[in-house]
Each structure stands twice: as structure tokens, then as C-alpha cells.
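Q: Please take a close look at the aromatic rings in this structure. Then follow them into whatever lies around them, step by step.

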Amino acid sequence: MTAPLRLTNTLTRRKEEFRPIDPANVRMYVCGPTVYDFAHIGNARPIIVFDLLFRLLRHLYGPGHVTYVRNVTDVDDKINARAAERGISIRELTDGTLAQFHEDIRALGVLMPEDVNVPGERPRMVEPRATDHVEEMRRLIERLVASGHAYVAEDHVLFDVPSMPDYGSLSKRPLDEMEAGARVDVAPYKRSPLDFVLWKPSKAGEPSWPSPAGIAAPGRPGWHIECSAMSWKHLGETFDIHAGGLDLIFPHHENEIAQSRCCFGTPVMANYWLHNGFLQVEGDKMSKSLGNFVTIRDALRDWPGEVIRLNMLKTHYRQPIDWTVRGLEESWKTLASWRGRAGLEPAAPDERFAPSVLDALLDDLNTPKAIVELHELERDSESLLWPTLRALGFRGELENPKAAEIDAAAVQEKIKRRLAARAAKNWAESDRIRDELKAMGVLLKDNKDGTTTWEVARP
């Protein structure tokens, strides 16, 4: 019998058995990108990690019984500033940046709506844009004002934090610490320093919509209300899993909870909150000033997407990760070894988790343990290696330009002849074939069990 899925819930600070509200419709929301520039490699971590969780949930409950929402923030101060800087329209900027983002994450083996949605059926993966959900935001704001949880001040609408007695239940920060850490503007119209903006007036040239709560001037939504509106629209008032980066716990996720719970009168917004750890580059915080700022696009120029995906999964999602060239090189060698060991892929691609790998993933997405089990599959059960890798999001291609020039069948035939030469103790012929393969860009590894695996030399 398969063990239950257990997840570490930020809300309770415990590892808990996952029990969906409705097993016929498991629902998950993940905070996606703000589309003003190329996404950096830290942004790739939640995209990869929670793509894996989506795949696991589909395996456990059935592809037609899991709904995954990953939003796009396309109205934001950074977007406005970047569009003005480049002299283009905001929509031109966000459409172009979103297309770049899609191209990048496809290379990382991430499932996209077109991969899972079936025409004529309810979408199982949705990528909502904030600007398509302003009406839902206005309706939420109207309800919050009517219930006394929000107020109007100088054409702004602000959430009244003291109106929610248990505000802070997710981050569990003391009140004075939250006040010091809240990213809020100092404004005389705020009743409390922690009050945050739900709606604000638009400046000339900025996107604008008719304002809620009787405000005459047009305006635009605050950041936090966007996710409350999009999750409500596509997943309902309460859903199963809300996930994102550790940096979003406060204030973003804390404020989402406040808005949604006070609007709908529910005890929770989501039952399970998952957060991935921070990413460093070569031991330092990633920063443009340090010259170690790496976009996904930058990484893909140097490494195949499969290598980036494996390198991200080698560290448990809740732990900090140090992004290093050495780590990427090791991930490359691991994938090359797996490909060499498995040889030619089956004609009919198969996706299924080996039981040992599944058990590891069921324990709070323990990907380091899953990778250990993949090495065991490499040694002991080659038949399940590629089906499991595909289930994990690996397509089986290192995307090395040199690899496309290599005939895998010819390589296998040469290895077969070399093994025969070694068995006959014809070392000269064995060395000749090794050198011939090396000249083709193929590196051999003779294993202790008498087999030989191969990999394509990294360019």
C-alpha cells in the first residue's frame, strides 16, 4: 500500500498528512512571475519544485482531478517603470516578457497549460493574468469595505489590519516586528502602520480602471489583492495548497490570508502552505551589484534545461540552495551517466514512478532521497529508470548541440565491439575503439559490473 503524502505546512510548522478538501478536485495555487524583465534563476526554483508537486498530485489523484493555478502579475510599479524606460506600452512589455518566460521554463521541463488541458473539458492548469481579473478584485474590495475590514482614504482603499484579531497567523511574527518589516509607504491617511493598500489612484500614463467603494478617480489594484482575486476565481473561497518562495510569507501571503478570510468569513484561505528556501550563487546572495545575477536565460545559454532542473532538485525544496558551477557540472555528469546506462529510449515513451522514488517524494518531496533511488535504478533496474525520469519531468535529452550529431545506435554498436575485444584481451583494438569514440565526442566509463556506459563530452 502506498504511503500517504506528507507535506510541511508553514501554517502549522508541522509535517502533516495531505488530506484534500475534495479528492476529485485537488486545488493548488502558486505565486508566479511579475513580468517586467527576464526571470532570474531564483524564480525558477518554485516553478520547478511545484511543477514536480503538480506531477505527483496528478499521479496520486488522476490527471483529471488536480487543478493548478500559477498566476502572472502584469500590473505593478516595476512594470510601469520599465515600460517608460524602454519607451514601449505596458502591454507590449508584459506580453513580450511573458513570452520569454514561457520559452525559458519550457526548457526546464515544466508542464504548461497546453500540455495538460483537454479541449472541451474544464482546464486543469490555469495561468491567469492579473489584468484579466480586475472586476473580481473590485468585488472583493467592495465586500471588505462593507464588512468593516477596509476603508477609503484619499482615493485609496486600505485593509484595516487591527480589524483581524489573528492577523499574523502564517508568519507568526510579533506585532512590532511586523510593523518594522512591512513594506509599506509612510502615509498620514493610514490608521495603522500595518494597513496595506488594496486599491490606489493611477498616475498619468499608468493603467487604470473604474475604482471601487465610490471613489470617483480611476485607479489600479495593489499587489496582494491580485492573488486573492485570482485564487477565488479559479479555485474557490478555500482550497488545498498555496505555495511560493520563502520571501513571500510576509507580507504577501499574510496579506492574502487576511483579505480572503475577512472577505469570505472562512477560518483558512488554504489548508496547506508550502514555501521553498532561498537561493545563493557561489555562496553569496544573488545581486547585480556583485555581478552574480543569473537569469534563467543566462543559465540556459551555458547548460541544458535538464541539467538546471536536476541541479535544482538535488537540494530539498525547503532548504537554502547554493547555485554553483561545480554543482551544475555534477548534475551534467549524472544525467549523462543515466542516459548512457539506459541506452536507447523505448519507442513508446512511458511515464511512471518507481516505487522507491515515489516513497521518497511522498515524504515532503524529498528529492535528494529520490535522486539516491534513481542511482539505485541505474545500477539495478534500468527498465524503470527512464519512465521514472520522465515522470519527474526529464525528457531524456541533454540538448547538447554535439549530441544531435551523434548516432546513439552506432555508439552502442562500437561499445559492443569494444566489449568483445576486451573479452578477447585484444587491448589494442579496445583502445582504438575508445579513441575513435572520443574523437566523436563520446566519453566511455567502464563500470565494476563489467558494463560500459557513455556520455557526450560537454562543449
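A: Start with a group of three. Phe18, Tyr61 and Tyr272 form one aromatic cluster. Keep in mind that this is a predicted model.

Now widen the view. Across the whole structure, the search turns up seven aromatic pairs. One of them joins Phe159 and Phe196: their ring centres are 5.1 Å apart and their planes meet at 15°, so this pair is stacked. The cut-off behind that word is an angle under 30 degrees. The two partners are far apart along the chain, with their positions 37 residues apart. Phe159 belongs to strand β7 (residues 156-159), while Phe196 belongs to strand β8 (residues 196-201). Are these two rings buried or exposed? Phe159 has a relative accessibility of 0%, so it counts as buried. Phe196 is buried too, at 2%. Buried here means under 20%.

Rings can also meet charges. Arg191 lies over the face of Tyr151, 3.9 Å from the ring centre. A second case is Arg309, whose charged end sits over the ring of Phe394 at 5.8 Å from its centre.

Phe394 leads on to an empty space. There are two cavities of 30 Å³ or more. The largest has a volume of about 60 Å³. Which residues line the largest cavity? Phe394 is one of them. The rest of the lining is Leu52, Leu310, Leu313, Thr367, Ala370, Ile371, Leu374 and Leu392. Two elements each give two or more residues to this lining: α10 (305-313) and α13 (367-380). Of the elements, α13 gives the most, with four residues. A general point about helices helps here. An α-helix has 3.6 residues a turn, so residues three or four places apart point the same way.

Next, look at two more helices. Helix α7 runs over residues 223-235. Its 13 residues should span 18 Å at 1.5 Å a residue, and its end C-alpha atoms are 19 Å apart, which agrees. Ten of those 13 residues are buried, so α7 is largely enclosed by the rest of the structure. The buried ones include the aromatic Trp232, along with His224, Met230 and Leu235. After α7 comes Gly236, with a positive phi near 100°.

Helix α8 covers residues 249-264, which is 16 residues. From first C-alpha to last it reaches 21 Å, close to the expected 22 Å. Here 16 of the 16 residues are buried, so α8 is also largely enclosed by the rest of the structure. Gly265 sits just after α8, and its phi is positive, about 70°.

Met230 of α7 has a partner to note. Arg129 is in contact with Met230, and also with Val72, Asp74, Arg91, Thr94, Asp95 and Leu98, leaving aside neighbours within four places in sequence. Arg129 lies in the loop between β5 (125-126) and α5 (134-146). With a relative accessible area of 11%, Arg129 is buried.

Finish with Pro4. Pro4 sits in the segment before β1 (6-9). It is partly exposed, at 41% relative accessibility. Beyond residues up to four places away in sequence, Pro4 touches Glu17 and Leu362. Arg19 is 15 residues from Pro4 in sequence, and their C-alpha atoms are 9.0 Å apart.

Terms used:
Residues are numbered from 1 along each chain as its sequence is written. This is a predicted model: local features need pLDDT of at least 70, side-chain atom pairs count only at pLDDT 80 or more; totals for chains, interfaces and linings use all residues. Side-chain values use heavy atoms; hydrogens and water are left out. The expected span of a helix is 1.5 Å times one less than its number of residues. Buried means under 20% relative accessible area, exposed over 50%, partly exposed in between (1.4 Å probe, protein chains only). Contact means heavy atoms within 4.5 Å. Rings of Phe, Tyr and Trp (its six-membered ring) pair if their centres lie within 6.5 Å; planes under 30 degrees apart count as stacked, over 60 as edge-to-face and the rest as tilted. A charge sits over a ring if NZ of Lys or CZ of Arg is within 6 Å of the ring centre and within 35 degrees of the ring normal. On a 1 Å grid over the protein atoms alone, a cavity is a set of points where a 1.4 Å probe fits but cannot get out, and a pocket is an open set with protein on both sides within 12 Å along at least five of seven lines; lining residues have an atom within 4 Å of a point. Grid points are joined across faces, edges and corners, and a volume is the space filled by probe spheres set on the points.
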